[in-house]
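Thanks for asking me to look this one over. Here are my notes, point by point, to read with the structure open beside you.

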Amino acid sequence: MRLRRLVAVACCASAVSLSGGVVAQASPPEPADLQLVATRDSLLATHYWYAQTFEGKPVLGGYYAKHVDKRTKRATVQDGRIPVSGLASTTPSVATERADATVDQQVAGDRAATELSVLPGPQSKLVYAVVSRTDRGSVRTIVDAASGEVIKTEDIVKRAEGTGKVFAPNPVASLQNEALTDQDDADAAVPAKAYKKVRLSDLDTSGYLSGKYAKLVGPTEQLAFQKNRKFEYTRADDRFEQVMAYSGITDAQRYIQRLGFKDVNNEAQDVTTIGFEDDNSYYDPSTDQITFGTGGVDDAEDAEIIWHELGHAIQDAQVPNFGQSLDGGSIGEAFGDWWAMIMSVPLQKDSATTPIACIGDWDATAYTDDTPHCLRRTDTDLKVADREGEVHFDGQIWSRALFDVYKAVGRDESARIVLEAQFSYTPDTTFAQAAETTVATAKALCGNRTADKVKAAFVARGIL
Ligand SMILES: [Zn+2]
């Protein structure tokens, strides 16, 4: 519990000389457990900020402020000290080096500071507060100084929100119009109503599209930068694709976390939309970066292409070096397509014009003649007997199985089962092994009835 006691209430001063510059002198004595950390001067008062200490050690989260009115010399106190009780000892049993070593094992990044502190509360603890610099900003790890165990790790970077304009998931699906074409990246090719204004969450305060779950990389002068964090561009502007990539990846990670997963590619995913002119995109596991090409329709103008590539990053984060066999590689392509569909479900109408199973409806206008324009579909009738030995083609067998799982148990449940199961796939898995793992996962998470539905989807493909 945090004590917030207002000791004296200052009234609104009506006749104050704002240019006064009077230094406050009279003020009540401070409690002994405080250490002055900052003095701030404002128009009306001088503000003294203190850290709470206990036997000389900082008390985490505790604060104390004294605001001295320049005119009246009257002090107002905000007492945010937190009671310390039940503290067994103020001498650590664990050495600083051991606490640091424990954090090194759990947090990727450089250690910046380690301080012996008190974690207050009814069962107060002596702890080490260890700050590390990671690729998504600084994090603080609290290590029990008695047992050496990690109590918690917390993000200390300030997060901000911005706004952006995006296609959701793409103009063909949102406008139900298969006749749209790229027209060399012209704004005029896509009606204004295809744009949706969205909230961009989890940004840092740099003014770049850099946040907790996605980070746009590339030559600095080409990166979108908005001090006010309003990233509102149209498609002819190359920064538009950067907003699409940031938004698509961040939304996917937030959905993954809503499903309960805290450790599925939970990082600032590096991504670039600059400098690759092919009509293709790729995820590179050796640099952990996604690159979107700008040939045809710019790939990052279609959120389903963004989610396909993110699918590769997700699997690589779950199983290092995933996809070393033909079946594993096929599952990789299949999952990306299916993940794109899963992310599109709440955004697009599943109609005859733009079926939900059709992936990359906008991107595919550049290289397909038939409608609906699809990079691939997740609802083909291909079975194991039809395989051709190419990962994108054979992947359609697996993605159809996952499509049936989605149809049988719904979006959230199918996503939970598939993501959970993938943690246990081997890098060189076969279809049958991965299917068995998925069925067993469905049983453990949701019970026999659901597991039977999942199994039926793989049996229908000839996988089980
Ligand atoms: Zn792929």
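1. A word on terms before the helices: an axis here is a line fitted to C-alpha atoms, for helices over the stretch in contact, and angles run from 0 to 180 degrees between N-to-C directions. Please also keep in mind that this is a predicted model.

2. Let's start with helix H3 (residues 239-258) and helix H4 (residues 303-318), whose axes lie 10 Å apart and make an angle of about 55°. The two helices, H3 and H4, are therefore oblique to each other, and the crossing of H3 over H4 is right-handed. On the H3 side, the contact is made by Met244, Ala245, Gly248, Ile249, Ala252 and Ile256. H4 brings Ala303, Ile306, Trp307, Leu310 and Ile314 to the contact with H3. By residue type, this H3-H4 contact has 10 nonpolar residues, one polar and no charged.

3. Next, have a look at helix H7 (residues 411-422) and helix H8 (residues 431-446), which pack with their axes 9 Å apart at an angle of about 120°. H7 and H8 are therefore also oblique to each other, and their crossing is right-handed. Glu413, Arg416, Ile417, Glu420 and Ala421 of H7 make the contact with Thr437, Thr438, Thr441, Ala442, Leu445 and Cys446 of H8. How do the residues of the contact of H7 with H8 divide into nonpolar, polar and charged? The split is five nonpolar, three polar and three charged.

4. H8 also has helix H6 (residues 391-409) as a partner: the axes of H6 and H8 come within 12 Å and cross at roughly 25°. Angles under 35 degrees count as roughly parallel, and that makes H6 roughly parallel to H8. The crossing of H6 and H8 is right-handed. Asp394, Ile397 and Trp398 in H6 meet Phe431, Ala434, Ala435 and Thr438 in H8. The residues of this H6-H8 contact comprise five nonpolar, one polar and one charged. If you want one residue to click on, try Thr438 of H8, which is in the contact with H7 and also in the contact with H6.

5. On the domains: the assignment for the chain gives domain 1 (5-80), domain 2 (96-155) and domain 3 (159-464). Between domain 1 and domain 2, five residues of domain 1 are in contact with 11 residues of domain 2. Together, domain 1 and domain 2 bury about 610 Å², with 77% of it on carbon and sulfur atoms. Which three residues supply more than any other three of the area that domain 1 buries against domain 2? They are Lys57, Pro58 and Leu60, with 83% of that area.

6. Finally, some backbone details to check. Most residues other than glycine have a negative phi, and most peptide bonds are trans. Glu55 is not a glycine, yet has a positive phi of about 45°; this residue sits in the loop between strand S3 (45-54) and strand S4 (57-69). A cis peptide bond links Ala168 to Pro169, with omega about -10°, and Pro169 lies in the loop between strand S10 (160-167) and helix H2 (171-175). The bond from Thr371 to Pro372 is cis too, with omega near -5°. You will find Pro372 in the loop between strand S17 (358-359) and strand S18 (376-377).

Note on methods
Residues numbered from 1 in each chain as written. Predicted model: local features only at pLDDT ≥ 70, side-chain atom pairs only at ≥ 80, totals over all residues. Heavy atoms only, no water. Helix = DSSP H or I, 4+ residues; strand = E, 2+ residues; numbered from the N terminus. Parallel < 35°, antiparallel > 145°, perpendicular 65-115°, else oblique. Left-handed = near helix turned anticlockwise from the far one by under 90°. Contact = heavy atoms within 4.5 Å. Nonpolar A, V, L, I, M, F, W, Y, C, P; charged D, E, K, R; others polar. Domains from an automatic or database assignment. Buried area = accessible area lost by both parts, 1.4 Å probe.
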